[in-house]
Amino acid sequence: MNIRLLSLGFGNVGQALARMLAEKEATLRDNYDLTFAFSGIYTRTTGALSFPDGLSAGQLVALGWPLTAASPGVVAGPADPLEFIHTCQADAVLELSALDPMTGQPATDYIRTALRSGRHVVTANKGPIAHAYRELWALAAANGVRLRFESTVMDGTPIFGMAEASLPATDFAGFRGLLNSTSNYVLSLMAQGQTVEEGIAAAQRVGVAEANPAYDLEGWDASVKATVLANVLMGADLRPADVRREGLGAEAMRKAQAALLPGQTLKQVVEATREADGAVTARVRLAALPPGDFFAHLSGMETAVTLHTDTMRDLTIVEGEGDPG
């Protein structure tokens, strides 16, 4: 089976995916009878680029990025990305555009359009799942297509797929985790004696932190991920603004680190709980963890989540080394 892909966005995630598909081309073909061809890419910089004859992942990698309408096998597509979604000959849409944590746009509109036009959607964008999960899931079902979003939390570590395939009758009472690798990286360096400023600078040098790291340090990234987990696994209907953010940011990290007792480790912790009335609440906070807390021993870009379940008790999943965010 050949699957034609339209990629909306083609930054680090999209290019890494193309390299991975190229490396796994033989395995996917021989073991699963799957081949993939890119039929188009849209980015804000390049606009819409269509590949009428299709480009394999290997061909795309070999050509190098960015492409232009003058590149071999490439023609310009329509200026409107929604029109491009409708007209591009694709079976599945990869939604990899930039995150807007407050609105989830324009990615939510991209996904709506793709699902309504009968295309499967795979997204790494947390925003649409945090803001419109129920609507988009229902829209996919109504149009006979699939919506997948494993990469929205912990870089594709199998959380949602595991819950769907392996824990079909399990109730999730809550979760606790370290979900932002940027904050964990900076806090790990601070635990080694560096200042918060030195930790941020080091994180920026290795590409872990953005030029403005406030989004991560102030808990917005973790809030969006907490919303996704709560809505998908616990049936909640939260939005990122509903997640309480307590004592976060660079200045709070500096003060909290200075106030630690011997043996304690500072972490940005995400927690969600189902209350007695059935409502789900979530928060992100800086926590001074004792030596016996498993999360206290995770460092660098490591992230983890403990799911509180009625069938498996506490189930902890650890990602050894995540990408920033």
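**Exercise 1. Work out how β3 and β4 pair, then place them in their sheet.**

Step 1. Start with the pair itself: β3 and β4 run antiparallel and share two bridges. Strands here are DSSP runs of E with at least two residues, helices are H or I runs of at least four residues, and both are numbered from the N terminus. Two strands pair if DSSP finds at least two bridges between them. Look across from Leu49 and you'll find Ala76 in β4.

Before going on, a note on the model: it is predicted, so local features need pLDDT of at least 70 and side-chain atom pairs count only at pLDDT 80 or more, while totals for chains, interfaces and linings use all residues. Residues are numbered from 1 along each chain as its sequence is written, and side-chain values use heavy atoms, with hydrogens and water left out.

Step 2. Go back one strand. β2 (residues 35–43) pairs with β3 (residues 47–56) in the antiparallel sense, over six bridges. A hairpin of three residues links β2 to β3, and Tyr42 has Ala48 in β3 as its bridge partner.

Step 3. Now zoom out. The sheet is open, has seven strands with mixed pairing, and reads β4-β3-β2-β1-β5-β6-β7. β4 (75–76) and β7 (147–148) are the edge strands; each has a single partner, so one side of each lacks a neighbour in the sheet.

Step 4. For a parallel pair, try β5 (residues 92–95) and β6 (residues 120–123), joined by four bridges. Leu94 sits opposite Val122 in β6.

**Exercise 2. Find the residues that touch the most other members of the largest nonpolar core, then follow Leu229 and Leu307.**

Step 1. A nonpolar core is a set of buried Ala, Val, Leu, Ile, Met, Phe, Trp, Tyr and Cys residues joined through side-chain atoms within 4.5 Å. Buried means under 20% relative accessible area, exposed over 50%, and partly exposed in between, with a 1.4 Å probe and protein chains only.

Step 2. The largest core has 73 residues, and Phe175, Leu229, Leu233 and Val305 touch the most other members. Helix α11 (residues 220–234) gives the most to this core, nine residues. There's also a second, separate core of 18 residues, with Phe10, Ala18, Ala57 and Leu67 among them.

Step 3. Check the contacts (heavy atoms within 4.5 Å). Skipping residues up to four places away in sequence, Leu229 touches Val153, Ile159, Phe160, Phe175, Leu179, Met234 and Val305.

Step 4. Leu307, in strand β12 (residues 303–309), counts as buried because its relative accessibility is 1%. Beyond four places in sequence, its contacts include Phe175, Leu233 and Leu315.

Step 5. Hop to Leu315, in strand β13 (residues 314–319). Leaving aside neighbours within four places, Leu315 contacts Met162, Leu167, Val305, Thr306 and Leu307.

**Exercise 3. Decide whether Arg112 is buried or exposed, and list its contacts.**

Step 1. Arg112 belongs to helix α5 (residues 107–116).

Step 2. Arg112 is buried, because its relative accessible area is 18%.

Step 3. Apart from neighbours within four places in sequence, Arg112 touches Gln105, Glu135, Leu136 and Leu139.
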